[in-house]
Amino acid sequence: MGYVAVKGGIEAIENACSLFAWERSKGSSEPLDVAQIREQLYLAVDRVMGEGSLYAPDLAALALKQAAGDSFEASFMLRAYRATQPRLGYSLPVNTEEMRIVRRISSAFKDIPGGQVLGATSDYTLRLLDFELLKDDAARREAFREKVFSNLSAEAEIPDTFPKVIDILRREGLLADSLPSGIAGEPFDITRQSLTFPAPRSAALQSLARGETGGLLTLAYSSMRGYGNIHPTLGELRVGYVPLRVAHPVTGEPYIAGEVKVTEAEVLARFEGTDGIPRFSLGYGLCFGQNELKAISMAVLDRCTRTAKPTCPAEDQEYVLYHTDGIEAMGFCNHWKLPHYVDFLSDLDRLRKAQKIARQEECNANE
Amino acid sequence: MQSDDPTAAVIGMDDAELNDLLTLLGTEEFQITRPPRSGLTMMTVTDSLGIDFHLGEVLTTEAEVVLGGERGYGLIVGEEPRKALVRAAADALLRAGRPIELCRQVRERLGLARQRQVAKFAEDAALTASTRVNFDLMPGG
């Protein structure tokens, strides 16, 4: 059989692209407005921003609409979009202690300074379908609004900022804070430099922060189930808004450009210090938007990958960082759909030859 | 979101407030040295071990103007060309400090917008506060 290189199919490809756009618009329902997606499917928007590594709620909502709800495709579009935009600059480092909190809980202490604030969460729902939502209209919404606001108590107040739960442990000398020397300094930027291993902490955190939620969860879950030796406690989980602050180009003063919603998780795991004194060590997770599974998984994996002697995939930094980027993973998986006619033909040739040889040998042995 | 910069109030302005401010500022001859353009600001954060890292990029819009030799800068999260320009103009004007009457009016508008935003934040905070847990200790514990 000869060489089977092919070309063509342009018309079919163009029609397939149109057909995809038609498929999501051919129904009888009203077209989805981007604002509806941004406001009513905000957790999907948050996930796409985090995995696309671009904080742009309107564009993330548009990407979800264009991708017919596929979060991988939508994140990919955001990543592609960022490549078309100039880098205006870097922000000043923000400390998450100044977060404007909308949710904050600790599984380590019952009483924490500022209190446990549940915020908007589906954690305590029974996961039963709410058929009332089938009749979601303006009147229902207004009644719901009244109900929510009538529950407000005049005395209920929350502070502007909350102290960190881990500071309690830090004050008592129960937290191992020292990191190996030589890792501070200018943060690594994985959008400008290729990752090398062992990756500096800043590069590892940047990679995990744009990791795919499912991928991070899978590896973190493997550790939680026992493939590894980390037994984490959730010290604190917070969701809220942090300011994006740059240096004013004229005055040099800190200058706030707006707010960014983030989720932060801190996990604690027992650790034997180099001085032989046992302490807790910290795993840290932070990502765009409200995505608690991702922040917790990231924190667990941050802690896992700092294990001195890795014993399982979740503790191997290279394994974790190379397999949790959703865009790269989907790209590689999707590439199998491209024509591999030549590769496969070569496989076929070799298989036929090998079969022929094996049969010949069988014949020879039988004679 | 605490800020000493009065122009930060432009961030949360609604269309009416923005138009109002734009009309006021339109009475002066600003030189637009950098028309509004969108781009990326890499957000850097400090983790709980004191290490700085890049969380990801934020879509932002920036603009620059000059008024009476004073440079004004505007940077706003999101695709917000009008806000970036208005903020840059207000920045230049307030630093130049004149015309005095216009500065007073612009400060007043910014103050009113700020007040409305603070009230909105307070309402959000009250909703959040309603979800604070009050634990009851179980008997025998």
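**Interface, core and domain packing in a predicted two-chain model**

Thr46(B) is found in strand 1 of chain B, which spans residues 31-46, and the structure in which it is described here is a predicted model. With a relative accessibility of 17%, Thr46(B) counts as buried, because residues under 20% are placed in that class. The side chain of Thr46(B) makes a polar contact of 2.8 Å with the side chain of Asp52(B). When residues up to four places away in sequence are not counted, Thr46(B) touches Ile51(B) and Asp52(B) within chain B, and Pro93(A), Val94(A) and Tyr284(A) in chain A.

A second buried residue of chain B, Glu62(B), has its place in strand 2, residues 52-67. Its class follows from the computed accessibility: Glu62(B) counts as buried because its relative accessibility is 4%. A polar contact of 2.8 Å joins the side chain of Glu62(B) to that of Arg34(B). Residues up to four places away in sequence being left aside, Glu62(B) also touches Leu88(A) from the partner chain, together with residues of chain B that include Pro35(B), Pro36(B), Arg37(B), Tyr73(B), Gly74(B), Leu75(B) and Ala84(B).

The contact between the two chains was then considered as a whole. The area buried between chain A and chain B is about 5700 Å², and carbon and sulfur atoms give 66% of this area. Leu88(A), Tyr255(A) and Ile256(A) together supply 12% of the area that chain A buries against chain B, which is more than any other three residues supply. The contact takes 74 residues from chain A, while 54 residues come from chain B. Across this interface the rule finds 3 salt bridges, and a salt bridge is formed between Glu57(B) and Arg87(A), whose closest N and O atoms are 2.7 Å apart. Polar contacts across the interface of chain A and chain B amount to 28 residue pairs, counted where both residues have pLDDT 80 or more. On the side of chain A that touches chain B, strand 6 of chain A gives the most, with 9 residues.

The nonpolar packing involves residues of both chains. The largest nonpolar core has 71 residues, and those with the most contacts inside it are Val260(A), Val262(A) and Phe288(A) from chain A and Met43(B), Leu55(B) and Val58(B) from chain B. Strand 6 of chain A, residues 254-272, gives the most to this core, with 7 residues. The core also draws at least three residues from each of domain 1 (10-82) and domain 2 (96-122 + 130-330) of chain A. Apart from this core lies another, of 28 residues, with Ala9(B), Met13(B), Ala63(B) and Val106(B) among them. For Val262(A), not counting residues up to four places away in sequence, the residues touched include Met99(A), Val239(A), Val242(A), Leu286(A), Cys287(A) and Phe288(A), as well as Leu55(B) of the other chain.

Within chain A, the domain assignment gives domain 1 (10-82) and domain 2 (96-122 + 130-330). The C-alpha centres of these two domains of chain A lie 26 Å apart, and the contact takes 17 residues from domain 1 of chain A and 20 residues from domain 2 of chain A. Between them, the two domains of chain A bury about 1600 Å², with 58% of it on carbon and sulfur atoms. Tyr55(A), Phe72(A) and Arg79(A) supply 37% of the area that domain 1 of chain A buries against domain 2 of chain A, more than any other three residues. The count between domain 1 and domain 2 of chain A is 2 salt bridges. Arg79(A) forms a salt bridge with Asp325(A), with the closest N and O atoms 3.1 Å apart. Between the same two domains of chain A there are 7 residue pairs in polar contact, both residues being at pLDDT 80 or more. Helix 3 (42-52), strand 1 (54-55) and helix 5 (71-82) of chain A each supply at least two residues of the side of domain 1 that touches domain 2, and helix 3 of chain A gives the most to that side, with 7 residues.

Helix 8 of chain A, residues 201-209, is largely enclosed by the rest of the structure, because 9 of its 9 residues are buried. These buried residues of helix 8 include Arg201(A) and Gln206(A), along with Leu205(A) and Leu208(A).

Technical notes. Residues numbered from 1 in each chain as written. Chains lettered and ligands numbered in written order. Predicted model: local features only at pLDDT ≥ 70, side-chain atom pairs only at ≥ 80, totals over all residues. Heavy atoms only, no water. Core = buried A, V, L, I, M, F, W, Y, C linked by side-chain atoms within 4.5 Å. Buried < 20%, exposed > 50% of the residue type's maximum accessible area, 1.4 Å probe, protein only. Helix = DSSP H or I, 4+ residues; strand = E, 2+ residues; numbered from the N terminus. Domains from an automatic or database assignment. Contact = heavy atoms within 4.5 Å. Buried area = accessible area lost by both parts, 1.4 Å probe. Salt bridge = Lys/Arg side-chain N within 4 Å of Asp/Glu carboxyl O. Polar contact = N/O pair within 3.5 Å; in protein donor to acceptor, adjacent residues only side chain to side chain.
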